[in-house]
Structure formats: C-alpha cells, structure tokens
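Visitor: Could you take me through a single part of this model, up close? I would like to know what surrounds it.

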Amino acid sequence: MTSHRTTRAALIDLGKPLRFTFDGTAYQGFEGDTLASALLANGVRVMGRSFKYHRPRGPLGAWVDDPNAIMGVTLNGRSLPNCPATTTPLEDGMQARAVNAWPSARFDIKGGLDLFHRWLGAGFYYKTFMWPDWHLFEPMIRKMAGLGDISRNVLEDYCADQVHDHCETLVIGGGAAGLAAARAAAEGGQNVVLVDDKPVLGGGVHQLAGVEDFAPRDWVASEAHAIEAAGGRILTATTAFGIFDHRMVGLVQNGPFGTAPRLHRMRAARIILATGALDRPVTFASNDLPGVMTIDAACEYLARYAVLVGKRIGVLSNNSLADDKLAMLAEAGAEVVRLNPADGAICALGRKQVRCVAQGRNSHKVDTLLVSGGMTPLVHLWRHAGGKLDWCTERQAFLPGAAPEGMVAIGAAGGTFDLDAALAEARAAGSGVPADAIPSRYKLTPLWPEPGSKGRQWIDFQHDVTLKDVELAARENYVSVEHLKRYTTLGMASDQGKTSNMAGLAAMAAVQGRPLPEVGTTTFRPPFVPVPIELYHGHHEKQLWHPLKRLALEQEHREIGAALGEYGGWLRPGWYGTGDAKAHIRQEILTARNAAGLFDASPLGKIEVIGPDAEAFVDFIYYNTISTLKPGHIRYGFMLTEGGIVMDDGVIARLDRNRFVISCSSSHVGSVRTHLEAWRQDGNDPDRIFVHDLTDHWATLTVAGPKAREVLTDLALDMDLSPTAFPHMTMRETRFAHSPLRVARVSFTGDLSYEMSIRRSKAAELWQALVAAGERIGAAPIGVEALSILRAEKGYIMIGKDTDGETMPHDLGFGVPRQKKKVAFIGDRSLHSVKANGARRKMLVGLTVSVGDKALPTGAHLVEGTPLQSVGYVTSSYDSPTLGHPIALALVENGTERLGESISVWHMGETRMATISAPCAFDPEGARLNA
Amino acid sequence: MQIFPCPFCGPRNETEFHFAGELGKERPDTTQEVAAPDWATYLYAQRNEKGPVREVWMHLTCSELFVMERDSVSMEVVGSGSLREGAE
C-alpha cells in the first residue's frame, strides 16, 4: 500500500496518530483528518458504491460537495448511518463501512447489477413494475433502495441543544472574503458573528502561497484574532443550513462524533454571504471512476491534510484558476498531464479506478484525473432568503442578482474569484465604505455535457443519473427542470445536487436547444446539508414542551397516596392508593354513591365576564339564553363555533346584574378564554365588557354524594343549606376562614353536589376541613377516573369524547334554543343549514348489553345494512359499579328515534349486539340530584 | 420564523400569535334571514390575496387583537395597529 501523505505543512497534527477501520481493514490517520482524507492517504480509492448500479466510487470532492463516499460509522458503541466521509472528522477507534455495499465497497456482491444498466434507465420502475400490481414488487424494491442502515440502539442522550441568538452582522463562510468582511464589520463597532462549516477557518486560503505578505495560516490567525479582539464571535464546525423568514438563519454546530449537534436560531440584522464556490465536475465517458476528482478537491486534500491524491495526474480544465493549483500539485511531486477539452471527447478507462485517459487517438496512463468545469457559486442560502439569480455568460454561472433585504454576497459566492478583488469587496461590505470593483481576471471556455456523445456519462453520481437519462426524459416530454428532476431523480440524493444540478440543467438546455438560463434552476430548499431530525426536536418534549399545570393541593394529594397523572394538561389524582387501580376506582365510586366523594375540581374553568354589556355578550356567546338567568342562579349551556359545532359545555352562574362566571371544561379554559377575548374585542365594545380568567387563582373542591349536605353542615358555614333555601343550580357566596367562598349547587355525578371555590392560598385549609368532616360520615377523596364513570352513569357528556367535529346541540337533546332563541348567537345560522337539518345526524344515546356481557370497547363501530356500514360509534364505555352492569354512551345516526332497537357493534372483526337506550342510566328522574 | 409587531408588546416571534381573520369581514345580521350562500361565504370564503394584506391577529400572551399589514408574498411586515383604529 502506497502512502499518499506528503511532507507539506498542513492542518493535521502528525503528533497525534489515530487508528480506525474501513470495511474491516485497519488504517492510521492523524488528528485533523477527515475519514476521506485519511483513506486517500492510505491509498484507498473505492469508498462507496452507487445507489442504483452499485458502481465503485471514490471521493469527487473534499467537502460537502462530495456525492460518493458515504459511510456508516461506529464509535464507542454509537452508530450513525450515511456519514459523508469528506465531512466526518476522523476520531480514534472509528469503524467505518461503506453503505450500499457488501461485503465491502471494493468487492460488492451487487456490483453485477451494473451489467444490466441498459434496462435500468430513468423511469425503469415506473414502466416495469406496473403489471399486475406495483404492490407485489414494492417490498423487494424497498429493500434494495436506500443507503445506510439505521442502528436499532436508541442514543438516549442524543439530544440537540437549541440556542436563540441574534447579531447585527452575520458572516457566513470563514474563507478569505468572510474573514476580511467580519474583521471590517467588527472593527467598525458592529456585533458580528462569523460562522464556518469546517473545523479550521480559512476556506481555500490554505491552498495559496500567501495572502497579503503573510503565510496563509498566519493571515487566517491574525484575522480571527482581530475579529475576536473587536468583540466578534467565531463559530467553527458550524454550517448555516437555511435562511428562514425575517432573516432567521439556522446554524448547525457539530461536536464530537455521536453527540447531537447544536441548533442556533440566529437572527441577524444583516447577512454577508461568503460561502464560496464549488468546482464543477466535467461530463465525459466514465467520469465516475474512482480517481476522477475536482481540481479544487485535490488541492484541498493537499493543503489541509497533506495528501497528494495521485502521482501521475491527468488534468482537464476549462478555466484560468487551474494554473496556480496545478503548480501546487506539481511542487508536491505529482507529474501533471494537461488535456485540452477542445481536442476532442475524453474517456476515462479503468475498472475500479482510473488507469488511463483517452482523447481521440491519444491516451495517457494516469492514476488520477482532475477536472474543473468552472466555478459554481454557492447561492443556496441566497435563494432561501428570496434573492434572485442572474446568469453570467462570462463566468457560465448563476450569480446573486437582486438582493433580499439586508443581505449581500461577496467573494466567490458573488462570482468574484480573484483574491485581491474578493478582499476589497469583503472589506467594503463589512465596513460599509464602498470600494471600486477590481475587474475579474477569471476566464473560461464553456464546457457542458454534449447530448448524443458516446459512453456512460454521469451527471448525478450518487443517484446514478447519466446524460442518457436526461436525454430520455426530454424524449418523453419532461420539459420543465422540476419534472426532469423528479423523473430522473437528478439532484434528489443526499447531496441535493450540489455537483449535478448545473450539469443537469446544461444537458437539458442542450437537448432542447435552449439557452441555459431559459431552462432555469430547480428550487433551492433548506437544509443546505443533511441535518438530523433531532436538531429540530431537541429538548422539546415532556415537561419542557408542555409544562404540566400543578394543583394547589398537589402535596395534600401526594400525602394520601394519590396516583397522579396528566389530565387535560393538569397533574391530577387519577385515583388514590397503590396497587390494583381498578379496585380503588370502584371503591371510590361506591363511596361517592353511598356517602360522598371529595374531588379536587380546581382545573375547572372560572372565567368572569363583567360589565354593562356582559349580559348581552354571554347571550351572544352561548347557545342557550342566559339573559333570563337571575342573580344567584346557574344554567347549563353550550358554546358553539360559528359552524354550529359544540365547542364546550358547562355551567354559567350569574353573580349579579353585570357579573357572570363561566365554568368551562378543565381542558378548554385556554381556548374558551381566547374565544371570549376575540369576540369581545371584535364586534363588541371592549370598554363595556371585561373577561377575567381566575381559573388558576381559585381552587375548586367538590363534595358529591347523598351525604354531601352533612359534610357541609360540619363546616358551619354562614348559610342555609336546606334544599328550599339552596336548591340545585344556584350559587351562594359566603366566607370560609375569613376568605370569600363561592358555593355552587351543580353536579357532574348525578348526586347532590356542592362545588366550592376559594382563593388558592386557602385551598389546603378547606380541603383538610372537608376531609375531616367527610371521615365522620364515610366520605373520601375520589380521583378523575372515578368521576369519569360517575358522570357516564348519569349520561353526562365530555365534549370531544362524547361529541365530535360534527356534533350540534340538537344532537345532544338540546334543541329548544335552536328553534326559539330570538337574539343572535355564535353559530346560530349554521344550525339551520341543510346539513344541520339532515336526516342522518349522529345523536347521543346510551347502549345496554345483555346480562353477563362484558363492557363494549370504546371506539367500536355500530354497523348495519348490506354491505355493513358504520352508522355510529361507542364514545364512552365502562363497567358501572353503581348499577352492577356495563354502561356505554354512543353517537348513532337518528339515535333518539331508535330507543329500544338493537344494533350490531363491530370491533376488530368481532360483532356483538347492544340495545339503544337513553344516555342516562342512573336516577333518570333526578330525585338524587335535587335532594 | 417571522417577527410580528404587537402594538402593545413590541416585536415578538410568530409562535406567540394566532391568526384571527382577514380585516373587514362583517358578520351577517342573523336576526334577519341570511341566505345559505351568504352564510357560507362568511364562514369559509377568504380573499387570500397575493401581496399586501390587512389581517386581524391575536397576540396570545396579551390576548389583544390587532390589525397587521403585511405582504403575503415577501413576508415583509409593513406595520400594525390596534383593532379599534384599524377598523375605522
């Protein structure tokens, strides 16, 4: 094995050798290497297999532009798929494997697929696997498709930090132009951030003999020092992967292998784009052979990693930038053979690497073929931000045109390829002091794919799209570049066409006989480089995503063994006690039915509507008429959307003429409050109505059960608790422990029930008094689970569980306001639509099962007809401890007209029978409720 | 991510805001007969203009509705003002 490492001073640390393996073979590299540079130094050429034909491939580029060398990498038990070898910094102990190849990239068992290339052109799958059914072939094709394998091990601590940041000037790219611009801006007093995607700053500077009388490394160091001395910040190994609305730039900062990258959401007042340009590959026969590489890549390998890619190098270039670069390679000891593109078609020869290059009758033995088809400015971010592109004929490239607000492109990204001109331009952009433009010395002769020419000529290397595929697409009338892209998958690989898009467009233009700019480009979309989905996820989960709301009495509940769980965003007791949850819930239900249950209902909405227009406002907000409600009284009602759909239910109490309390569902408080605010401010006089949400400020404790009055009597409140003085659906205000206490006689269980609201700080005192009083008569705390069953026994609904997005109030048995209410209210007109009056509305019913049958599954379909059709479904279903048999609520078409009918219940292939009944299964006369 | 100017709280991230509707949408007087097409237009039809638009937004953290003028193509925000002034 030949070493390709030279003695040239580079950016690697020869004092720190690193061991690693590739496809099972051990190699050595150095600190500062990438996987690709270390392999090239060891003479490895084949680093991957192509996606479709399994062709052997080696690196074409030296950084993000490389489409070929893709590896699965394992280090310390952490495996990541599809790591580009050219951008993965080498670490000691890495085990790399080429993706899409077995047993190795060099001897890939599927390499034989290439023999069938004649039949595997663009659209092959679409055309071949049509008959009899694509689905027959799909599993096999899916298995063949794709690149790396995802490890099944979950990386527990793989969690991306997310940083929100801002600056006055963000400079993207730490090459010559970026460094000079950042320095000028920072020294001008601006808050500057410079980002560069490589671990070491300098971009292509390291390829140069010198910059402004400095050695390249010294120049880079002095610029970086000056930037930081002026207060600027520098982020290396950080890629700007996208520019989003209002100049928010997504930055991905990479750390050691296997750790999650960090996301910076950088808001920049001004963006200076100094992203440089890519060296374009050239399209000729067998241009994908390992050993064919761009000139710029070869120079990067030499300048940064001291790797001379070949000893005898053929060079094919159409532009003036090649001369200096070739001098550098020659100086390092390479023998250079220049080929002139004008002398005829080029063909590379060799099997697993280039051995010879032929042009006409001449052929040259080479071990490497370097190409340059001209520079392509990296304008991806420019386009993300909405900047326009202009075609430049002299440079044969799309250059930044009309600028997006607050953005400027400099240096090679702007088409300025000469160092002196780029530095002048950069300093002008950074400081804001204009400078005269220096004329460009860059010269090139157009060199684009030639349709009809011989051989297999690769355009998209990773996705195996050839010139013939583009010609085929054109023949099949894919005229638009966007169609061309999707039909051939050109530019759709993980490199997103960084090297292939221009060749593809040029080929399409040539086939169609149109000028290249007329064909246009495909859309540039973020991310510029692949980023893990984890980047967007970060710590946004569980409590950090959706913080739980906590009860004032959480400590008290914990002390008596509450099983706390999340219910509608609140951490609430599901039941009390450890062990068999079902037994606890059953006991709590029996306690509530036989004595009384003590329930922490604090999340229940308590939104006050106050003011001279409050009465008219709640009349408009509610489906039911509220204006007729007397002070001290309570009414049950619905809020609807303008579409007439039930949005929330609950009670509303009138405290006095101009003051109401809306008690909305626990999990709907936020949406109801917003709904009220929206209508208050838009369509009403906001100075005459005030909406005040007290939900979090008042705790609500409920005593529900036949002995509830005894518990309250024990509190010795200053109020008459007799049924005549304090009947069902009324509210009284009194005091407890010197604090105002609101007591509402409302019930969600069907039994005598008192809902007591008190300021949060007094909740514990009231709770302890209730528990003490309750103990004497056998009352005990109950959790949310018991309440869910208690309310279902009574046929009380939960909006969103027992209703859906089509349920209107008349489907729930509340049809009167729809017919009688005179004033306008939200959703009124929708209740008289064709749909609202339709014949097959799903209505709320109960379901009963035969004696001894199990409870119906929630969600089971109610079916009838031939063929069987769903006419409804089970919304709530429980074993009722009170009644000793299962109960269920359901929505079913025309349900209220079908009471007593039996209906089939279908679930997971099984059919059972049930009888449609009224929703209320417990105390239908209401004797216990009104007790 | 866009930045919207709440007239009461200043510039804030768009995640704090909720779109409430296009400015100038009148609720039909439902105490009178409203033809089905008119009601459907009120419920569902949006002008959905390309270019400069005037919309009502709610800043969720302060619950205030306000009028915002912005460009639906360039995403540029022209300005914002309270709903009372905007509606005049």
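Guide: Happily! Among the elements of chain A that cover the buried residues of α4(A) are β8 (162–172), β9 (192–195), α5 (216–229), β13 (262–273) and α9 (419–431). Covering here rests on contact, meaning that C-beta atoms, placed from the backbone, lie within 7 Å. Helices (H or I, at least four residues) and strands (E, at least two) are DSSP runs, numbered from the N terminus.

A word on the source: this is a predicted model, where local features need pLDDT of at least 70, side-chain atom pairs count only at pLDDT 80 or more, and totals for chains, interfaces and linings use all residues. Residues are numbered from 1 along each chain as its sequence is written, and chains are lettered from A and ligands numbered from 1 in the order in which they are written.

Now to the helix itself. α4 of chain A runs over residues 176–187, and its 12 residues reach 17 Å from first C-alpha to last, close to the expected 16 Å (1.5 Å times one less than the number of residues). Because 11 of those 12 residues are buried, α4(A) is largely enclosed by the rest of the structure; buried means 20 or more other C-beta atoms within 10 Å of a residue's own, with C-beta atoms placed from the backbone. The buried residues include G178(A), L179(A) and R183(A), along with alanines such as A176(A) and A186(A). Just past the end of α4(A), G189(A) adopts a positive phi of about 95°.

Definitions and conventions:
Two residues are in contact if their C-beta atoms, placed from the backbone, lie within 7 Å.
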